[in-house]
Structure formats: C-alpha cells, structure tokens
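Hi,

Here is the structure I said I'd pass along. Have a look at it first, and then read my notes underneath.

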Amino acid sequence: MPMSAVWGKVNTVFLDMDGTLLDLSFDSYFWQQHLPLRYSQKYQMEFSHARELLQSYFNGKAGTLDWYCTDYWTKELGLEVAALKREIAWRIRIFPSAKHFLEKLASSEKHIALVTNAHPDTIAVKMQSVQIESYFDRIISSHDFGCPKEQQEFWKNMRRAYPFDPETTLFIDDNLDVLAAGEAYGIRHLITIQQPDSSRPKRDTLPYPSISDFSEIMPE
C-alpha cells in the first residue's frame, strides 16, 4: 500500500528510539568498546578478555528486560552504566530526515508516542543530546510495564494504560522480534529500518516494509 494511502488510515504513530530515530552505532560502540574498556580498567584485565566476558553476560539476557536495564547492569558489573553513556554522549546522532519527519508528524492531528525498551536513564541521556522529546505526546519505556516490547504482555499493558486502536496504528521499529510481537497483537501498519546502525551494512530480505531514510515516508 502506498504511504499516501497509509497516512489516511493512521491515527496513532509509535516510534522506537535506538536504531529507528537514533543511529544504533552509539549503542554498538558503547556495549562493544566503551563499556568493555572501562570494565577492563576497573578489574585490571585485558580488553579482549573483558569484551568476551561481557558478551557472554549480554547473550544470556538478550530479549529480556534486564538486557535494556541500566540499573541491572550497574549492579551486575559494578559500573555506573548511565554515567558511562554520558561520557560518550557526543556520539549520539539522530538519523537524517528523522527530525523533519517528527516535525511533520507534530503538525498533524495524529497521536505520536516514543515506545522504547530503553531504560529511563538511557532515554534521558539520549533526549538531552538530540532534544526531540517535545515532539511526542508520550514517551513510554517498557520498564514502565515490567516487560519488553518483544512480549505480548507489554502490548496488553500498553493498551490498558494508553488506549489505541491497532488497526489505525503505524509502528516503526528496527527490531524484527519487536515488530513480530506488534503484528501478533494486531498492529496493522509496520515499517522497519534497513540500516539501524550506520557502522554496519544495510539489511536486505526484510520481512516488513522498510526504509533507508524517513524522507521516503514523509507525511504530506
């Protein structure tokens, strides 16, 4: 369906943050370089060993709320994760055309929500850097509901707290598992991102309609 037709059917827009509006390269660098570096320095071990050790921790929590939780990792690793993110906040970058896209949405009569798995501490770090929070009617973290967007319970809680019609909702997210959960819940319009991380190649053969730039779906 052409986007011009989609916009005519959409009343609510849910937007993910990392990898959708913001370049995931910040997060890749943080988890694979900066955090292992600080961990190796604190516990006096080789960087390569620290990164390997942390990766095993991360893999064990993939897809769970803990994986996204700065409080959890601060306790587990003995490092102030939110503070470490602020150390390299200059790396946080909004995608080209994303801010203009938000401006166009904000001037429409549609309901706009940032819906993210990120911890509130991480949201605060990102919003301080990119200054886009004013475009959203609501900013929703999965930590508000105690379960990640990958789970149906999140969407049930979300609809109870902030009623929306899945049939007239557009959901844009880079995480395919999250989109699958949204689809299973009944969200009608789904779009993903071809290149969530600018430091990595574009993805192809994606199971959902995809964009490389927000200019491709700009509201009229």
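Below is what I found, going from the pocket to the core and then to the strands and one helix. Keep in mind that this is a predicted model.

Let's start with the pocket. The largest one holds about 940 Å³ of space. It is lined by 35 residues, and if you want to find its centre, look for Leu24, Trp67, Tyr68, Asp174 and Asn175, which are the closest to it. Four helices give two or more residues each to the lining: α2 (25–43), α3 (47–61), α7 (120–130) and α9 (176–185). Of these, α2 gives the most, with four residues. As for chemistry, the lining is a mix: 13 charged residues, 11 polar and 11 nonpolar.

Now the inside. As you'll know, nonpolar side chains tend to be buried together in soluble globular proteins. Here the largest nonpolar core has 50 residues, and the members that touch the most others are Leu15, Leu21, Leu35, Phe101, Ile172 and Phe214. Helix α2 turns up again, since the largest share of this core, five residues, comes from α2. Leu35 is a good one to click on: beyond its neighbours within four places in sequence, leucine 35 is in contact with Phe30, Leu54, Phe58, Leu77, Leu79 and Leu84. There is also another core, apart from that one, with 18 residues, including Phe154, Met158, Ala181 and Tyr185.

On to the strands. Strand β2 (residues 111–116) pairs on two sides, so to speak: four bridges join β2 to β1 (residues 12–15), and four bridges join β2 to β3 (residues 138–141). Both pairings run parallel. If you'd like landmarks, threonine 12 stands opposite histidine 111 in β2, while alanine 113 has arginine 138 in β3 as its bridge partner. β2 is mostly covered, with five of its six residues buried.

Last, which residues of helix α4 (residues 70–77) are buried? They are Thr70, Tyr72, Trp73, Thr74 and Leu77. The cover over these buried residues includes α2, α3, α5 (81–87) and α7. Leu77 is also one of the contacts of leucine 35. Right after α4 comes glycine 78, which has a positive phi, near 70 degrees.

Shout if anything is unclear.

Cheers

Note on methods. Residues numbered from 1 in each chain as written. Predicted model: local features only at pLDDT ≥ 70, side-chain atom pairs only at ≥ 80, totals over all residues. Heavy atoms only, no water. 1 Å grid on protein atoms, 1.4 Å probe; cavity = no way out; pocket = protein on both sides within 12 Å on 5 of 7 lines; lining within 4 Å. Points joined across faces, edges and corners; volume = space filled by probe spheres on them. Nonpolar A, V, L, I, M, F, W, Y, C, P; charged D, E, K, R; others polar. Core = buried A, V, L, I, M, F, W, Y, C linked by side-chain atoms within 4.5 Å. Buried < 20%, exposed > 50% of the residue type's maximum accessible area, 1.4 Å probe, protein only. Contact = heavy atoms within 4.5 Å. Pairing = 2+ DSSP bridges.
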